[in-house]
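Student: I am new to this structure and would be grateful for a close look at a single part of it. Please take one sheet, explain how it is put together and what packs on it, and then add whatever helps to place it in the chain.

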Amino acid sequence: MTTDDLILDMQDIHKSFAGVPALRGARLRVGRGEAHALIGQNGAGKSTLLKVLTGVYSRDRGSIRFDGADVGFGSPYEAQRAGISPIYQEINLVPQRTVAENVFLGREPRRLGIVDRRRMVSETEELLSGIGVHVNAARPLETFSTATQQMVAIARALSFDSRLIIMDEPTSSLHDREVQKLFEVIRQMTADGVSVVFVSHKLDELYAVCDRITVLRDGRTIAEARLAEMSRIDLVAAMLGRDPQDVRSAGQTAFHREQRALGDTVLTTRALSSWPALRGATIEVRAGEIVGLAGLLGSGRSELAESVFGARKVDHGEVAAGSAAATPTSPAEAIRSGIALTPEDRKTEGIVAGMSVRENITLSLLPRLSRFGFINRRKERAVVAESVRRLGIKTASVDQPVSDLSGGNQQKVLLARSLVLDPDLLILDEPTRGVDVGAKAEIQRLVSDSVNDGRGVLLISSEMEEILEGSERVYVLRDGETVTHHRTDGLTQDTIMRAMASGESPDARPAESGDDLP
């Protein structure tokens, strides 16, 4: 692709926050009239790269050329006026305003100093008609479906005469029929010469609507290719930093692989549905075993954990977990039933930065440590001291702010919060993400010790070595459904990647009828 063929050319983009690199020489090149996929796991740098482009962040280094000119936007408004419009996953419009007011918000057409509403409605309906949407633009936006609101956001972008539209997970709240309508609009826009950057974790969507793809990993551009020339397996391998031909090698994690006597079933889900994230997830965990849960970002892994923990509404299906006779309807109910969850994002969903190590460890345990509204400080300190000793939490004092600890020690604090509850089922969502090698090994040993104590563990991880080495069995989710489950003995990374990419796992050894699997 020559320079003249490009609408956007970002080269050698660097960006750091407080000395921590988020982008390390990333590049993104988008052709004119092209639908271009941008993909990568959490933390790969997708959002940072696009925010650098649209002026939310300033770049530390690198060059940006848009439509043949060097640019450096100071704000999203500047980028939008230049012809770049982002459409975010959460529709950024005003639901109480009319459709027309949303399209022309901040630049309403006027006549003799008064807003010309008739013209505004007429021009909005003409814009929407051009993308196949026929609605009354004088009605409030909130009276329309999410799909129509998505089309209104596109019409607003087109009203700026945008030459590049960024769509961040645009199908996350749409039904299949609405997704197909969106794809028709994207094809029409690209045929009219408008370029689209399409950010999605759903591989089928990328192959259905995009021409080329850029893959980011750890802030770097790992691959650029025409989608027709890149298989799903190669794409998943690039995202995860794995060779598709590599097989699992032993000894890469610190889990203790022991033969354990299995106890009662501590978790069963049957055709679990929580729209739009889950569409039929079936898994089982027994006491004394670690069960791995694999899948790409957006496959429904975390949403399944939240549903079991009572933090997400279940639409259909069955959940039996801990001592609960029915699906827990709140985290407090789940905890009382013997379920504990260590969430994926420790900073926003886990630690309470303003509290001490002691307060973070005992946060979920307070009802058991309190009587008549007063906390038994002696019991609390005994529990915390034992947790610090057992988990090897490095802290100057248990009253030290948890935010002062390293990432690995913060993760141990979260694990301690779960373990002090003495749960029957321990759900660990990315328990070793963002920690150093030493802390990772310690956390993995603690997980093994927890299972040896008779608990069941559901281990969610993006690292396939961690899943393969730490689990007796593994389930793979894809687009919210369980597509396969197998014992990990002899299971390869290639098999898991095939299941993650296409739902196929031809060379895995399936669970046998006597294995008591769902």
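**A six-stranded sheet and its setting**

Tutor: Among contacts in the chain between residues at least 6 apart in sequence, 67% join residues at least 24 apart. The model is a predicted one, and its chain has 18 helices and 23 strands. Of its 518 residues, 53% count as buried.

The part to examine is an open sheet formed by six strands, in the order 6-9-10-3-11-12, with mixed pairing. Its edges are strand 6 (84–87) and strand 12 (220–226), each of which pairs on one side only. From one strand to the next, the twist averages 20°. In general, strands of a sheet pair through backbone hydrogen bonds, either parallel or antiparallel.

Consider now the edge at strand 6. Strand 6 and strand 9 (residues 164–168) run parallel and are joined by four bridges. To locate this pairing in the model, one may look for Ser85, which stands opposite Ile165 in strand 9.

Helices accompany the sheet as well. Helix 5 (residues 146–159) lies across strand 6 and strand 9, and its direction runs at about 170° to strand 6. Helix 8 (residues 232–240) also packs on the sheet, where it touches strand 3 (35–39), strand 11 (212–217) and strand 12. The direction of helix 8 makes about 30° with that of strand 11.

For a second element elsewhere in the sequence, one may turn to helix 14. This helix comprises the 15 residues 377–391. At 1.5 Å a residue it should span 21 Å, and its end C-alpha atoms are indeed 21 Å apart, so the expected and computed spans agree. Its buried residues are Glu380, Val384, Ser387, Val388 and Leu391. These residues cover an arc of only 95° around the axis, which means that they lie on the same side of helix 14. On the other side of the helix, Arg378 and Arg389 are exposed.

Both ends of helix 14 also merit attention. At its start, a side-chain oxygen of Asn376 reaches to within 3.2 Å of the backbone nitrogen of Arg378. Just after the helix, Gly392 takes a positive phi of about 65°.

To return to the sheet, its strand order may be kept in mind as 6-9-10-3-11-12, with helix 5 across strand 6 and strand 9, and helix 8 touching strand 3, strand 11 and strand 12.

Conventions:
Residues numbered from 1 in each chain as written. Predicted model: local features only at pLDDT ≥ 70, side-chain atom pairs only at ≥ 80, totals over all residues. Heavy atoms only, no water. Helix = DSSP H or I, 4+ residues; strand = E, 2+ residues; numbered from the N terminus. Expected span 1.5 Å × (residues − 1). Buried < 20%, exposed > 50% of the residue type's maximum accessible area, 1.4 Å probe, protein only. Arc of directions from axis to C-beta. Polar contact = N/O pair within 3.5 Å; in protein donor to acceptor, adjacent residues only side chain to side chain. Pairing = 2+ DSSP bridges. Axes fitted to C-alpha atoms, helices over the stretch in contact; angles between N-to-C directions. Contact = heavy atoms within 4.5 Å.
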